[in-house]
Amino acid sequence: MSRLLICMSLLASVLLAGCASQPGKPKLSDEELVAQRAAARWEALIASNPGEAYQYLSPGYREMVSRENYIVGQLQRPIRRTGAKVTRVECEAELPRCTVGLMLDYVVPSGMAPQAGKIAATTPVSEQWIKSGGKWYFVPKEISRR
């Protein structure tokens, strides 16, 4: 039994030494962080999970709109989002603000011709993100226009 214990201790030491010698992850740029958060927010919206998307909204917006109201508003939209791809992120050096460009795929019911069913489309979207408390947050257009 003691041989097994010695072998396991040696193996654990080797594994820990290997982990310690690996360099740390490189720090992501603001552009990379914002791109990741924007993509994650859209993934949640596409998956019809606005509760998860709510966490990416700016603290100011979350003070004005409750999580429940946001969820209801998102789920009542006639548009069904089917895909989103971040195409660019431009951050301003002097302000903790970034503009995210993406292409949004969606399906919308045909209002004028119900027999036509649903119409699939892709459109460019521009979003504003701000840094608050060390994290990046999406600022909905109704807030960023004020």
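Visitor: What phi does Ser48 take just after H2?
Guide: This is a predicted model, with residues numbered from 1 along each chain as its sequence is written; local features need pLDDT of at least 70, side-chain atom pairs count only at pLDDT 80 or more, and totals for chains, interfaces and linings use all residues. Side-chain values use heavy atoms, leaving out hydrogens and water. Ser48 sits in the loop between H2 and H3. Although Ser48 is not a glycine, its phi is positive, at about 55°.

Visitor: Is Ser48 buried or exposed?
Guide: Buried means under 20% relative accessible area, exposed over 50%, and partly exposed in between (1.4 Å probe, protein chains only). Ser48 has 52% relative accessibility, so Ser48 counts as exposed.

Visitor: What pattern does the protein chain follow along the sequence?
Guide: Helices (H or I, at least four residues) and strands (E, at least two) are DSSP runs, numbered from the N terminus. The protein chain has 6 helices and 4 strands. Read in order, they give α-α-α-α-α-β-β-β-β-α.

Visitor: How far does helix H2 reach from its first C-alpha to its last?
Guide: H2 covers residues 30-46, 17 residues in total. The expected span is 1.5 Å times one less than the number of residues. For H2 that expectation is 24 Å, and the span in the model is close to it, at 24 Å.

Visitor: Which residues of H2 are buried?
Guide: Across the protein chain, 27% of the 146 residues are buried. In H2 the buried set includes charged side chains as well as nonpolar ones. The residues are Val34, Arg37, Ala38, Ala40, Arg41, Trp42, Ala44 and Leu45.

Visitor: Which elements do the buried residues of H2 pack against?
Guide: Contact means heavy atoms within 4.5 Å. Two of the partners are helices, H3 (50-53) and H5 (67-75). The others are the strands S1 (80-92), S2 (97-109), S3 (118-132) and S4 (135-139).

Visitor: Which residues does Gln74 touch, not counting those up to four places away in sequence?
Guide: Gln74 is in helix H5. Its relative accessible area is 13%, so Gln74 is buried. Beyond its sequence neighbours, Gln74 touches Leu45, Pro50 and Arg81.

Visitor: Which residues are the closest to the centre of the largest pocket?
Guide: On a 1 Å grid over the protein atoms alone, a pocket is an open set of points where a 1.4 Å probe fits, with protein on both sides within 12 Å along at least five of seven lines; lining residues have an atom within 4 Å of a point. The largest pocket holds about 470 Å³ of space. Of its 21 lining residues, the closest to the centre are Arg41, Trp42, Arg77, Arg81 and Phe138.

Visitor: Which element supplies the largest share of the lining of the largest pocket?
Guide: The elements giving two or more residues to this lining are H2, H5, S2, S3 and helix H6 (141-144). The largest share is 4 residues, and it comes from H5.

Visitor: How many residues in the lining of the largest pocket are charged?
Guide: Ala, Val, Leu, Ile, Met, Phe, Trp, Tyr, Cys and Pro count as nonpolar, Asp, Glu, Lys and Arg as charged, and the others, Gly among them, as polar. The lining has 11 nonpolar and 4 polar residues. The charged residues number 6.

Visitor: How far apart in space are Arg77 and Val108, C-alpha to C-alpha?
Guide: Arg77 lies in the loop between H5 and S1. Arg77 counts as partly exposed because its relative accessibility is 47%. Along the sequence, Arg77 and Val108 are 31 residues apart, while their C-alpha distance is 9.6 Å.

Visitor: Which residues does Met103 touch, not counting those up to four places away in sequence?
Guide: Met103 lies in strand S2. Its relative accessible area is 33%, so Met103 is partly exposed. The C-alpha atoms of Met103 and Val86 are separated by 6.6 Å. Met103 touches Gly83, Ala84, Lys85, Thr87, Thr122, Thr123 and Pro124.

Visitor: What separates the C-alpha atoms of Val125 and Leu102 in space?
Guide: Val125 is part of strand S3. Val125 touches Val100, Gly101, Leu102 and Leu104, leaving aside residues up to four places away in sequence. Val125 and Leu102 are 23 residues apart along the chain, and their C-alpha separation is 5.3 Å.

Terms used. Points joined across faces, edges and corners; volume = space filled by probe spheres on them.
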